[in-house]
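Okay, everyone, thanks for coming. Let me put the thing up on the screen, and then I'll talk you through it.

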Amino acid sequence: MIQIKLIDYLEQIGIDDKTEVEKAKLLCYYYFKELSENEFSMRRISEMFIHSGFCMPNISRLKDKLTKGKGKILISATKSKHTYTFVPIVLQTLDKEVGNYWNDYDTIESLSSLIDESRFCGKRNYLTRLIKQINNCYENHCYDGCAVLMRRLFEVMLILAYQKFGIEDEIRDRSGTGNIMLDGIINNAKNNSTLKLSRIKNEFDTFRKVGNFSAHNITYTAGKKDIDDIKIDYRVMLEELYNKAGLIE
């Protein structure tokens, strides 16, 4: 779960336009999400108001509005009735309405288990995301997904190298608006006197085939060994194409 600063949260929910009861409900929810507080005293709720820049509420009046009637928001959490917790349906509604603020759909958790992120990430954002997805797939045993993404990264790096040398026209399709298929790019790259690739070019078809099998063969499923068998050569290829593309020295 990601962390959200209180000031950002208050701005996102438009707290200034809310009633006192709504403010209390939304503030309690913030501390429930951020600090795992699930019981609230009226004194604590008052502190939330003050910390958020609002005047101290009338505790007795606010307590009645929060804990009584059909639309109550809090119920007693202890026998002494000094602390309160969310009515379950209220908490479910809050999760649905504002809980997404704590969902992170962008961060990709990964380690350098297959591709060295310290070496190859941070050059261009889309390359970094591809590499992190590759590592994430590998770490979570999603080897077919890993193989397909490795093929994609390989193709992207070839195209970037052509662009760097100003020879992308050599791999344009007949319409002139896109590039030819990867096998055609590989055939051109192997013999391209401008790129001057090393002997790693002899492994290019292997990188393509591993990805193709996972993408197109309906009975094939990749395993860890399929990835491990090519990972050293794949790393050498990335190093060379990153250099050719002017991304590293």
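I'll go through the sheet, the aromatic rings, one helix pair and a few single residues.

Some bookkeeping before that. This is a predicted model, so local features need pLDDT of at least 70, side-chain atom pairs count only at pLDDT 80 or more, and totals for chains, interfaces and linings use all residues. Residues are numbered from 1 along each chain as its sequence is written, and side-chain values use heavy atoms, with hydrogens and water left out.

Right, the sheet. Helices and strands here are DSSP runs numbered from the N terminus, H or I with at least four residues for a helix, E with at least two for a strand. Two strands pair if DSSP finds at least two bridges between them. So what is the strand order in the open sheet? It goes β1-β3-β2, three strands with antiparallel pairing. The edge strands, each pairing on one side only, are β1 at 40–41 and β2 at 74–76. Between β1 and β3, which is residues 83–86, there are two bridges, and those strands run antiparallel. If you want to click on them, Ser-41 has Thr-83 as its bridge partner in β3, and Phe-40 has Tyr-84. On the other side, β2 and β3 are antiparallel too, over three bridges, and there Ile-75 stands opposite Thr-85 of β3.

Now the rings. A pair of aromatic rings is described by the distance of the centres and the angle of the planes. The rule here takes rings of Phe, Tyr and Trp (its six-membered ring) with centres within 6.5 Å; planes under 30 degrees apart are stacked, over 60 edge-to-face, and the rest tilted. How many aromatic pairs does that rule give? The count is 17. Take Phe-32 and Phe-86: their ring centres are 6.3 Å apart and the planes sit at 80°, so that's edge-to-face. Phe-32 is in helix α2, residues 20–35, and Phe-86 is in strand β3, so this pair ties together parts that are 54 residues apart in sequence.

For burial, the cut-offs on relative accessible area are under 20% for buried, over 50% for exposed, and partly exposed in between, using a 1.4 Å probe and protein chains only. Phe-86 is buried at 5%, while Phe-32 is partly exposed at 23%.

A second edge-to-face pair is Phe-154 with Phe-207, at 5.5 Å centre to centre and 75° between the planes. That one links distant parts of the chain as well: Phe-154 is in helix α8, residues 143–164, and Phe-207 is in helix α10, residues 204–216, 53 residues away. Phe-154 is buried at 0%, and Phe-207 is buried at 3%.

Back to Phe-32 and Phe-86, because both belong to one aromatic cluster, which also takes in Tyr-9, Tyr-29, Tyr-30, Tyr-31, Phe-40, Tyr-101 and Trp-102.

There are charges over rings, too. The test is NZ of Lys or CZ of Arg within 6 Å of the ring centre and within 35 degrees of the ring normal. Arg-44 lies over the face of Tyr-31, at 4.6 Å from the ring centre, and Lys-23 does the same over Phe-54 at 5.2 Å.

Next, the helix pair. Axes are lines fitted to C-alpha atoms, for helices over the stretch in contact, and angles run from 0 to 180 degrees between N-to-C directions. The axes of α3 (42–51) and α4 (59–67) come within 11 Å and cross at roughly 105°. With under 35 degrees as roughly parallel, over 145 as roughly antiparallel, 65 to 115 as roughly perpendicular and the rest oblique, α3 and α4 are roughly perpendicular. Contact means heavy atoms within 4.5 Å; α3 brings Met-42, Ile-45, Ser-46 and Phe-49, and α4 brings Ile-59, Leu-62, Lys-63 and Leu-66.

Then Arg-208, in helix α10. Buried or exposed? Arg-208 is buried, at 16%. Leaving out residues up to four places away in sequence, Arg-208 touches Arg-151, Phe-154, Leu-182, Asp-183 and Ile-186.

Last bit: backbone oddities. Most residues other than glycine have a negative phi, and most peptide bonds are trans. Ser-36, however, has a positive phi of about 60°. Ser-36 is in the loop between α2 and β1 and is exposed at 58%. His-141 has a positive phi near 65°; it is in the loop between α7 (125–139) and α8, exposed at 57%.

That's my tour; over to you.
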